[in-house]
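Visitor: Please take a close look at the central part of this structure and describe how its elements are put together. I should also like to know how that part relates to the rest of the chain.

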Amino acid sequence: MKALNPQERALVERRRRVLGTLGPLFYDRPIHVVRGEGAHLFDAQGDDFLDCYNNVACVGHANAKVREAVNGQLGLQDTHSRYLQDEVLDYAERLLWHFPALLNRVSFTNSGSESNDLALRMARVYTGHQGVVVTSNAYHGITSLVSSVSPSFGTGVPLAPFLATVEVSDLLTGGLPEAEIRATLLSRFQHAFRQLHAAGYGVSAVLLDQIFSSDGVLPGAPGWVDDIAEAVHKVGGILIADEVQSGFARTGDEFWGFERHHAAVDVVTMGKPMGNGIPTGAVVYKEAVGDAFAESTRYFNTFGGNPVSMRAAGAVLDQIEDMHLQSHAKGMGDFISTELESLLAGRSRFGGIRHAGLFIGIDISDGRDSSGCHGGDPQAARSIINRLRDERVLISAAGAEGSTLKLRPPLVFTQQDAERLLESCELLCSEGYFG
Ligand code: PMP
């Protein structure tokens, strides 16, 4: 690993002085980003980094159409949401067009965390229950309510007493027959429901990231999430689909992750890619869920649905449509996965690859057991991530241990970008990083 140059070292120290130690940086050798374009980020020396990780800039870094939309609106007005404004209505109608008819109302927020917070509060009022079920390494955000149902924070954040967790990664990474996987998942969720009933909380919601990113990128065979929808409805709760990572055409075949599973969801939350970097989030829900909430409380969000964010979000939808980014995500994701699988096949540290569209997870195994059994190797995953960073290719990790490489590039990732990624992985193979 090359050392930081004096300018970079000074920035790291300056950042630590004012921002403290709360927000960790990516990579052993952090990157000083000054500019972006498409799937590329450029540092202060003009070095070109291939961004294979950033789902926020889904229609590309510094997208010209998003910039035009934002600039145009800033020149008109950008006041808060308690006036009649066309921008929020134009966008709300367009967004709802992407949902089944029953999901017909939307409220706007500024982040994925706020969206999940609002969704959980709605679920409690609507169902009259308190309990929440998530997966065992779920991440849903940073508010006190949402962090208390996000086990991926580790032991530092106390989990809510009304939370039950379900392990899914062992089943969704394994090779069991699909019917057995579905039946086992269903019985695990039903067990969690019984636990919450026995503790007196009941079940207000099952909250599921629709690609199970922090559990290790687990697209799974389509369908099983709908089994859970049916089961949670039977016990008087609702299903909330967290589309913060999986939404907006990312998974290729469908616009939303829950559609891959044909899941009868009641509430959908979103954020990250929605404004291509302009902060904005949303909660889409059934009218009855929203009405019950509105009867009991007031909800006002100063910046949620502001005209600048709405124009940015509208430009994102334009770009996804105009550049056919959903079918591109599918084709490009299939191509990269197939190529990586054949490149890595047979290597001792390769534990398997999964993907849906441009969301790819690669397990890095400890490669110790010749019988085929293996565990994850987070240290080896970190070495690969940092070595790729030195090649100016940016990825990161997921999973409870951090042993799954996670690739989730801007949707505008080109064939040339893919070739560069594959060449860098080939180089790492020749250096023995994959065993
Ligand atoms: N849900 C999921 C699945 C996420 O990945 C994240 C962010 N990583 C959030 C919610 C929270 O979003 P935000 O950081 O915008 O608050």
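Guide: What follows treats one sheet and the helices packed on it, then the ligand shell, and then the remainder of the chain. The model is a predicted one, and the description should be read with that in mind.

The protein is divided into domain 1, which comprises 6–59 and 325–430, and domain 2, which spans 64–322. The part examined here is an open sheet of seven strands, arranged in the order 4-10-9-8-7-5-6 with mixed pairing. At its edges lie strand 4 (103–109) and strand 6 (163–166), each of which pairs on one side only. From one strand to the next, the twist averages 20°. Within this sheet, strand 7 (residues 203–209) and strand 8 (residues 238–242) run parallel and are joined by five bridges. One residue pair illustrates the register: valine 206 has leucine 239 of strand 8 as its bridge partner.

Two helices may be considered against this sheet. Helix 7 (residues 178–198) packs on the sheet and touches strand 5 (131–135), strand 6 and strand 7. The direction of helix 7 makes about 165° with that of strand 6. Helix 10 (residues 287–296), by contrast, lies across strand 4, strand 8, strand 9 (267–270) and strand 10 (281–286). With respect to strand 10, helix 10 runs at about 105°.

Helix 10 also has a helical partner. Helix 4 (residues 112–127) packs against helix 10 with 8 Å between the axes and an angle of about 85°. Because angles of 65 to 115 degrees count as roughly perpendicular, helix 4 is roughly perpendicular to helix 10. On the side of helix 4, the contact is made by Met122, Val125 and Tyr126. Helix 10 contributes Val289, Gly290, Ala292, Phe293 and Ser296. By class, the residues of this contact are six nonpolar and two polar, with no charged residue.

Helix 4 appears again at the ligand. The shell around the ligand has 15 residues, of which Ser111, Gly112, Ser113, Gly141 and Val244 come nearest. Helix 4 provides the largest share of this shell, namely three residues. In composition the shell has nine polar, three nonpolar and three charged residues.

The remainder of the chain may now be set beside this part. Taken over C-alpha atoms, the centres of domain 1 and domain 2 are separated by 25 Å. Their contact involves 25 residues from domain 1 and 28 residues from domain 2. On the side of domain 1 that touches domain 2, at least two residues are supplied by each of helix 12 (325–344), strand 11 (350–355), strand 12 (360–364) and strand 15 (404–407). Helix 12 gives the largest share of that side, five residues. The residues on that side of domain 1 divide into twelve nonpolar, nine polar and four charged.

Some of these contacting elements belong to another sheet. This is an open sheet of four strands, with antiparallel pairing and the order 11-12-15-14. Strand 11 and strand 14 (396–398) are its edge strands, each pairing on one side only. The twist of this sheet averages 30° from one strand to the next. Strand 11 pairs with strand 12 in the antiparallel sense over five bridges, and histidine 355 has isoleucine 360 of strand 12 as its bridge partner. Helix 12 packs on this sheet, where it touches strand 11 and strand 12, and its direction makes about 170° with that of strand 11.

Finally, there are the strands that come early in the chain. Strand 1 (residues 33–37) runs antiparallel to strand 2 (residues 40–43), and four bridges join the two. They form a hairpin with two residues between them, and glycine 38 in the turn has a positive phi of about 60°. Glycine 36 stands opposite leucine 41 in strand 2, and leucine 41 in turn has phenylalanine 49 of strand 3 as a bridge partner. Strand 2 and strand 3 (residues 48–51) run antiparallel and are joined by three bridges. Their hairpin has four residues between the strands, and glycine 46 takes a positive phi near 85° there.

Note on methods:
Residues numbered from 1 in each chain as written. Predicted model: local features only at pLDDT ≥ 70, side-chain atom pairs only at ≥ 80, totals over all residues. Pairing = 2+ DSSP bridges. Axes fitted to C-alpha atoms, helices over the stretch in contact; angles between N-to-C directions. Contact = placed C-beta atoms within 7 Å. Parallel < 35°, antiparallel > 145°, perpendicular 65-115°, else oblique. Nonpolar A, V, L, I, M, F, W, Y, C, P; charged D, E, K, R; others polar. Near = placed C-beta within 6 Å. Domains from an automatic or database assignment.
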